[in-house]
Amino acid sequence: MSDMPSIPLLKVRDLQVRFGAQTVVHGVDLDIAAGEKVALVGESGSGKTVSALALLRLLDGAQQTGSVMFDGRELSTLSERQMRGLRGKDIAMIFQEPMTALNPLHPVGRQIAEVLELHEALSRRAAWARAVELLGQMGIDQPARRAADYPHQLSGGQRQRVMIAMALACRPRLLLADEPTTALDVTVRRQILDLLDALQAEYGLALLFITHDLHLVRRYAHRVAVMQQGRVVEAGTVTSVFAAPQHPYTQMLLRSRPRRLVQESEKKAAPPPTVLQARALSVRFAQNSGFWRKHWHTVLQDISLELLAGQTLGVVGESGSGKSTLALALLGLLRRQGGEVSLLGRDPARLSAAALRPLRAQAQIVFQDPFSSLSPRRTVAQIVEEGLEIHRPEWSAVQRRERAQQILAEVGLPLSPAEMQRYPHAFSGGQRQRIAIARALILEPKVLILDEPTSALDVTVQQQVLDLLAALQQRLGLAYVLISHDLSVIGALSHRVLVLHQGKVVEQGPTDAVLRAPRQPYTQALLAASDLGEEVRDG
């Protein structure tokens, strides 16, 4: 730390942000030097993202005061035209939710190329070639083909890598990264962070890293600032803050690590029944590869699995390995080309719409991206109560509202009647994830598929949700398919683990055996790159 430049590239003093009469950021001070990585941590709703957006003056309807100096220039005095020239070129931002930040009407390569054409004055052809090169640097396979894909054709992790490529396209001097590795698997996360390190060494890139991943902060940041309720409650070097946290809130965050919640099953006379089974499941998609030509892309190949009542099957693998496709195939939400599925004794792909409806109440899913899965035109009350309206028509409006408020409180989001009438955009990413979980849990299903259910949650709420899922499983006998790139989460809740690689099962077995003594090189590589791997090595 001693060789860090003493003159800050970014100097923030007494930053305050208000929306109407409500102040959400209170007097934040922050310095970032060239080549320095500063982490901004705190729970959802603490003001981290609002603070970052305020630096670039991207908050509509907000009143902000204070000083934001970048390389000696006071940003608050610049015109909007001057700010547009600064954004994306000298200061870039990676947004938290790539599906909403990317334009759904344009190929991802075109969106990256547009930034280069605007700020670097590259020709259309040169900008496209550079965009393909950037996608390759981000670890996306077949970057030339993927550059022609639209955002919806990519996995969540691949979309996140596109956002990072777009932000780094013009080699900015300051990068504001809002949860940039949330949707990334452990190996690609390390690859991206190593790339950021290399860019810092070469170009003196400064980084403001907004995250709830404290392990990542410990490994990669120089300094850390902890936010609570819009205020920085503690700041200092990572070494000093992590070794001797002074504020009770910081101490609580550092104690919040996923812990093993599964009780090892006792031997019983009769094993629990099978609630979900797949045999030789295969899925492939047709993609246009030229005029009158189609290319068939195999996503899943010969997948077999079994899930017992009251247990959790953890599914791990890198982005694009087929995890989310597997979830949809198990529920009959997409066409499969081979194999069989038995969900509570019935194959959803072979049922009529009328016969499928009661099965849907018994098998729910929490999607990876809460913003795109929640209707922007419906209030939180309408979203959470929707399942009750369909499957519990005999319930009164009062009963539905009481149950909705109860389940929201159980997932750590107690809302007043007025707050229940707000829309999803009014909530933080972590809060939206909790709304999605509440919507799935309200019908008390027998099978719940969780596609990255805690990826957008801060560490304390993550543990709270894991505790809730474990308690519900024990009380109601729920069965979970838990899809996650976070092996600590998989280790906390799973009875068995299935490892996917390029659409194939490479290893599966009891959680302890797979995560502590993996047999396959791919599983070993995942574990070595993860936080859990370090915990295992440390004993």
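Two strands count as paired when DSSP finds at least two bridges between them. Keep that rule in hand as we walk through this predicted model, since much of the tour follows strands and their partners.

A good place to begin is strand β3, where alanine 39 has phenylalanine 209 of β8 as its bridge partner. Five bridges join β3 (residues 37-41) to β8 (residues 206-211), and the two strands run parallel. Within that pairing, valine 38 stands opposite leucine 208. Strand β3 also has a partner in β9 (residues 223-228), again parallel, through four bridges. Here valine 38 stands opposite arginine 223.

How well covered is β3? Five of its five residues are buried. In a regular strand, side chains alternate between the two faces of the sheet. In β3, Lys37, Ala39 and Val41 lie on one side and Val38 and Leu40 on the other, and both faces are covered.

Stepping back, β3 belongs to an open sheet of six strands with mixed pairing, in the order β6-β7-β8-β3-β9-β10. At the edges are β6 (91-94) and β10 (231-237), each of which pairs on one side only. From one strand to the next, the twist averages 15°. Helix α7 (residues 156-168) packs on this sheet, where it touches β6 and β7 (174-178), and its direction makes about 175° with that of β6. Helix α8 (residues 186-203) packs on the sheet too, touching β3, β7 and β8, with its direction at about 155° to that of β8.

Now turn to another sheet, an open one with four strands and antiparallel pairing, ordered β2-β1-β4-β5. Why do β2 (22-33) and β5 (73-74) each have one side without a neighbour in the sheet? Both stand at the edges with a single partner strand, so one side of each is left unpaired in the sheet. For β5, two bridges join it to β4 (residues 63-70), and these strands run antiparallel. One residue pair to look for is phenylalanine 70 with its bridge partner in β5, arginine 73. Helix α1 (residues 48-55) lies across β1 (8-19), β2 and β4, running at about 115° to β1.

From the sheets we can move to the nonpolar cores. The largest has 53 residues, and those with the most contacts inside it are Val384, Leu408, Ile435, Leu441, Tyr480 and Leu493. Helix α18 (residues 459-476) gives the largest share of this core, seven residues. A second, separate core has 39 residues, among them Ile112, Val162, Cys170 and Leu199. For a closer view of the largest core, try isoleucine 435: leaving aside neighbours within four places in sequence, isoleucine 435 is in contact with Leu374, Val380, Ile383, Val384, Leu408, Leu413 and Phe427.

Two helices make a useful pair of stops. Helix α12 (residues 323-330) is mostly covered, with six of its eight residues buried. Those buried residues are Lys323, Thr325, Leu326, Ala327, Ala329 and Leu330. After α12 comes glycine 332, whose phi is positive, near 75°.

The other stop is helix α13 (residues 353-362), where arginine 357 is found. Is arginine 357 buried or exposed? Its relative accessibility is 52%, so arginine 357 counts as exposed, the cut-off being over 50%. Leaving aside neighbours within four places in sequence, arginine 357 is in contact with Ile390 and His391. Arginine 357 and isoleucine 390 are 33 residues apart along the chain, while their C-alpha atoms are separated by 9.2 Å.

Finally, zoom out to the whole protein, with its 22 helices and 19 strands. A compact globule of 539 residues would have a radius of gyration near 24 Å, and the protein agrees with its 24 Å. Along the principal axes, the C-alpha trace spans about 70 × 55 × 50 Å. Buried residues make up 52% of the 539. Among contacts between residues at least 6 apart in sequence, 68% join residues at least 24 apart. The accessible surface comes to about 23900 Å², and 50% of that belongs to carbon and sulfur atoms.

Notes. Residues are numbered from 1 along each chain as its sequence is written. This is a predicted model: local features need pLDDT of at least 70, side-chain atom pairs count only at pLDDT 80 or more; totals for chains, interfaces and linings use all residues. Side-chain values use heavy atoms; hydrogens and water are left out. A nonpolar core is a set of buried Ala, Val, Leu, Ile, Met, Phe, Trp, Tyr and Cys residues joined through side-chain atoms within 4.5 Å. Buried means under 20% relative accessible area, exposed over 50%, partly exposed in between (1.4 Å probe, protein chains only). Contact means heavy atoms within 4.5 Å. Axes are lines fitted to C-alpha atoms, for helices over the stretch in contact, and angles run from 0 to 180 degrees between N-to-C directions. The radius of gyration is taken over C-alpha atoms; the globule rule is 2.2 Å times the number of residues to the power 0.38. Accessible areas come from the Shrake-Rupley method with a 1.4 Å probe; for residues, only the protein chains shown count as cover.
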